[in-house]
Amino acid sequence: MGFRIMINEYIDQIIQGDCLEVMQNIPGNSVDITFADPPFNLNKKYNGYEDNKEFNIYLEWCKQWIYEMVRITKPTGSIFVHNIPKWLTYYASFLNETAYFKHWIAWDAPTAPMGKSLQPSLYGILYYVKDLRKSKFYEIRYPHKRCRKCGYLLKDYGGKKASLHPFGPLVSDVWTDIHRIKHNKYRDEHPCQLPVHLLERVILMSTDENDIVLDPFVGTGTTVIAAKRLSRRFVGIDIDEKYVNITKNKVSRESSISKVADVWISFYLNEILTIRDKDWMKLAPYFLISENIKNIDFEKIKFDRQSRLIENEEYKVLPTYRKKATNSK
Ligand SMILES: C[S@@+](CC[C@H](N)C(=O)[O-])C[C@H]1O[C@@H](n2cnc3c(N)ncnc32)[C@H](O)[C@@H]1O
C-alpha cells in the first residue's frame, strides 16, 4: 500500500469516493468514532449505487470496510454499524475478530409491512470498542415517556416516584423514542436518510467536543450534520456525487449550536431529547420543575432557555437540584 494521508487533510471534509479506498489512505488509530450505515442490499433505489450484490460478495465487501473502520479508530474510540438483524449477525462475527463487543442497540423504527413476514421494526446498531478499558462512554438520559393527551407518565414507577430523575431515565440498549423521518418536507432525495437526533445520541454517548467522527457511507449527511451541531470534527465519505453535493450544501449552512450554557445536548422539535447524565446539574437551572416531586406523575419539567432559576407560584427548581446546580457554577 502506498503512503497514507494524514487525517488532518480530511478533517471537516466530505469526500466523494469509494470508502474502502479512502479509508485505506487513512493511518491507523486516527479517528475517535466510526459510524457506518451501509446499503442493506435490499435493492433500494439509490441515485447511482446498485443495491443488489450477490450474497457472499456483499458480505465479503462488508468485512473489508468493517476491518478498515476498526483499524482507523483510536484505542479510546468506538465503532458503530447500523443495519437489519440479518446482516448484523454476520457483522458481529467479523467485529468479534478485531474489536470488543459493547452493545447491540435495538432501534425500534417500524417500516411498511412487506407481506409473508413479521412487519420489520427492529434495526440494530452494533456498538464495538477497540479497548474495553480505554474507550470513552458517557451515560445518557432521555425524557420520561408520557401520555400525549393527559401528560401522565406511561410507566408505573409505584412507590419509587420520589427518587425519579426530574429529566428522565438513563437510556438503555433499546431505543424506542426516535422515529424515522416520515414527512417528505424533512427528507432529501435519498431513500434511507437517518434522523439527525439518532446520530446526536450516538455522538454524545461516545465522544467529546472536537473529537473526530467518520462516516464511510454518509449519504445526505446525517452523521456529519450531527457532528457539526455538537462541535465535533467530521469526515464524511460517499460514492455518489449527488449525495456528496447535497451534504456539502447542508453542512455549510449548519453551525455548532446544539448547546445550553456550556453543555452539548440533542434537540428534537425544540425539546431536549438526549443529555449526558453528568451534565444534569448544569442544565437543571434551565428547567422549571414542579416543587412537589409527586407532580412528576403528570407535570413535565419545562425547558426554557431564557429562564435560568426563575421561580413563580407554580414552578420551582427542586431544592436539592437547585442547590447542587448553583454550587456547581
Ligand atoms: C444507507 S445509505 C446512508 C444514508 C445516510 N446514513 C444518511 O442518513 O443519509 C448508504 C450510502 O452508501 C453509499 N455508498 C454505496 N457504496 C459506497 C462505497 N463503496 N463507498 C462509499 N459510499 C458508498 C450510497 O451512495 C448511499 O448514499
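Is the crossing of α5 and α6 left-handed or right-handed? Let's get there by a short walk through three helices.

Before you click, know that this is a predicted model, where local features need pLDDT of at least 70, side-chain atom pairs count only at pLDDT 80 or more, and totals for chains, interfaces and linings use all residues. Residues are numbered from 1 along each chain as its sequence is written.

**Stop one: α4 and α5**

Select residues 196-206 for helix α4 and 222-229 for helix α5. (Helices are DSSP runs of H or I, at least four residues, numbered from the N terminus.) Their axes, lines fitted to C-alpha atoms over the stretch in contact, come within 8 Å and cross at roughly 60 degrees. That makes α4 oblique to α5; under 35 degrees counts as roughly parallel, over 145 as roughly antiparallel, 65 to 115 as roughly perpendicular, and the rest as oblique. Angles run from 0 to 180 degrees between N-to-C directions.

Now show V196, L199, E200 and I203 in α4, which meet T222, T223, I225, A226, A227 and R229 in α5. Contact here means C-beta atoms, placed from the backbone, within 7 Å.

**Stop two: α5 and α6**

Keep α5 and add helix α6, residues 241-253. The two pack at an angle of about 15 degrees, with axes 10 Å apart, and that makes α5 roughly parallel to α6. Pick out V224, I225 and K228 of α5 and T247, K250 and V251 of α6, which make the contact.

And the opening question? The crossing of α5 and α6 is right-handed: the near helix is turned clockwise from the far one by less than a right angle (anticlockwise would be left-handed).

Notes
Contact = placed C-beta atoms within 7 Å.
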